Structure formats: structure tokens, C-alpha cells
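Here's a quick tour of a protein chain for anyone just getting started with structures. Have a look at the picture first, then use the notes to find your way around.

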Amino acid sequence: MAQKIKEQKEWPFFQAYHDNGYILRQDCSKEVSLREPGENQTYKLHNKSGKELVVYRIDGGLINDENVLKCDNGIYTENDWLFLIELKGADLNHALDQINSTIDILLKRPNKKVKKLNARIVLSKVSIPRISASKENKLKQLLHKSYGGGNYKKQSRLLEDTI
């Protein structure tokens, strides 16, 4: 059962998106592990600081429109950070499009702000065509300039962050 947010006025993203229909969990867990059923890509967030977290199902939850690109999950932290996570096969280019579309839908169009936005892509294998390099650079610049110095990471099979 989801606990109540500590100070909702300090959680602007959560105020906009707080339906239990797409919240997978809300707690102060020491570790969050995200994985698609039957797949080998895993994202882990180690919450050593004990911050309250809200884990969202974005694809088929927060964004339920089959006609738009969106990433798989999001993790929102009590210090107003948002991690967008895409667990992908080998198509980095498509994963980048999904992250960018999710940013447009959840943050740009409704003009929602977060202190820091981080993008994470976990691939089953890394086969990176050069066309993705410019998309990656644009995403890195967007996160850094417009979203509190946020960053972008990609990794094969397992990607881990610590807060």
C-alpha cells in the first residue's frame, strides 16, 4: 500500500501524476529493480540515502496511448528528481525517440518542472549505429541545460545508479 507523500507541495511532478493505477510502488526502499518479464535487461536504483521514491509504469500506465512513443518506467524521488528508464533490445535509436517523446508528453507540453531529469537506456546488446550519436548529444544537452544538470546513461544488460 502506498504511503502518503511527506510534503506534497514540494513534489510538483507527483501532484500532477499521482494515480495508483500507474504507480508500481511508493516507499523508501533501499533498492528498486526494474525488468521486463522474460527479458535480460535490468535497471537498479540503490537508494542509500533512504529517500522516498515513486515508481511509475509509464508505458501502458501513465501514458496509455498506443499511438505514441514512450519509455517503460519512471522513478521520481522526494528531492524532485525524475529518472526515465527504457529497457530495450538493441535499437538505441528507437529508445532515444521513446525517451524524447516521454519528455515531451510528461514535461514539455504540460510545462511540468523537475529539479533534475535523468535518462537511462538498458540494452540487451550494444550495437550502436553512428546515427544515434547526434540524438544522444541532443538529449545530453537538453537534460543538462533544461533539467538541472541531469544526465544520460546507456548500458548493456545492467545499469545501476545510486542516490
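The notes below go from the whole chain down to single residues.

Keep in mind that what you're looking at is a predicted model. The chain has three helices and nine strands, and 46% of its 163 residues count as buried.

**The overall layout**

- If you walk along the sequence, the helices and strands come in the pattern α-β-β-β-β-β-β-α-β-α-β-β.
- Take the contacts between residues at least 6 apart in sequence: 68% of them join residues at least 24 apart.
- The chain exposes about 8300 Å², and carbon and sulfur atoms supply 45% of that area.

**A three-stranded sheet**

- Three strands line up in the order β2-β3-β9 to make an open sheet, and their pairing is mixed.
- Strands β2 (31-35) and β9 (158-162) sit at the edges with a single partner strand each, so one side of each has no neighbour in the sheet.
- On average, neighbouring strands here are turned by 10 degrees against each other, if you ignore direction.
- What holds strands together in general? Strands of a sheet pair through backbone hydrogen bonds, and they can do that either parallel or antiparallel.
- For β2 and β3, the pairing is antiparallel and runs over five bridges.
- To spot this pair in the picture, find V32, which stands opposite L45 in β3.

**T42, a residue in that sheet**

- T42 belongs to strand β3, which covers residues 42-46.
- Is T42 buried or exposed? T42 has a relative accessible area of 8%, so it counts as buried, the cut-off being under 20%.
- Leaving out neighbours within four places in sequence, T42 is in contact with S33, L34 and R35, with R157, L158 and L159, and also with L87 and V122.

**The nonpolar cores**

- The largest nonpolar core has 32 residues, and F13, Y56, I103, L106 and L117 have the most contacts inside it.
- Several elements each supply at least two residues of this core: α1 (12-16), β4 (53-57), β6 (81-88), α2 (92-108), β7 (116-123) and α3 (131-146).
- Which helix gives the most to this core? That's α2, with eight residues.
- Y56 is worth a click: not counting neighbours within four places in sequence, its contacts include F13, F14, Y17, Y22, I23, L24 and L62.
- There's also a second, separate core of 13 residues, and V32, Y43, F83 and L159 are among them.

**R120, an arginine tucked away**

- R120 is found in strand β7.
- With a relative accessible area of 2%, R120 is buried.
- R120 and Y43 are 77 residues apart along the chain, yet their C-alpha atoms are separated by 8.3 Å.
- Setting aside residues up to four places away in sequence, R120 touches Y43, F83 and L159, and its other contacts include E86, K153 and D161.

**The cysteines**

- How many disulfides does the structure hold? The count is zero.
- C28 is partly exposed, at 32% relative accessibility.
- C71, on the other hand, is buried, with a relative accessible area of 0%.

Conventions:
Residues are numbered from 1 along each chain as its sequence is written. This is a predicted model: local features need pLDDT of at least 70, side-chain atom pairs count only at pLDDT 80 or more; totals for chains, interfaces and linings use all residues. Side-chain values use heavy atoms; hydrogens and water are left out. Helices (H or I, at least four residues) and strands (E, at least two) are DSSP runs, numbered from the N terminus. Buried means under 20% relative accessible area, exposed over 50%, partly exposed in between (1.4 Å probe, protein chains only). Contact means heavy atoms within 4.5 Å. Accessible areas come from the Shrake-Rupley method with a 1.4 Å probe; for residues, only the protein chains shown count as cover. Two strands pair if DSSP finds at least two bridges between them. Axes are lines fitted to C-alpha atoms, for helices over the stretch in contact, and angles run from 0 to 180 degrees between N-to-C directions. A disulfide is a pair of cysteine sulfur atoms within 2.5 Å. A nonpolar core is a set of buried Ala, Val, Leu, Ile, Met, Phe, Trp, Tyr and Cys residues joined through side-chain atoms within 4.5 Å.
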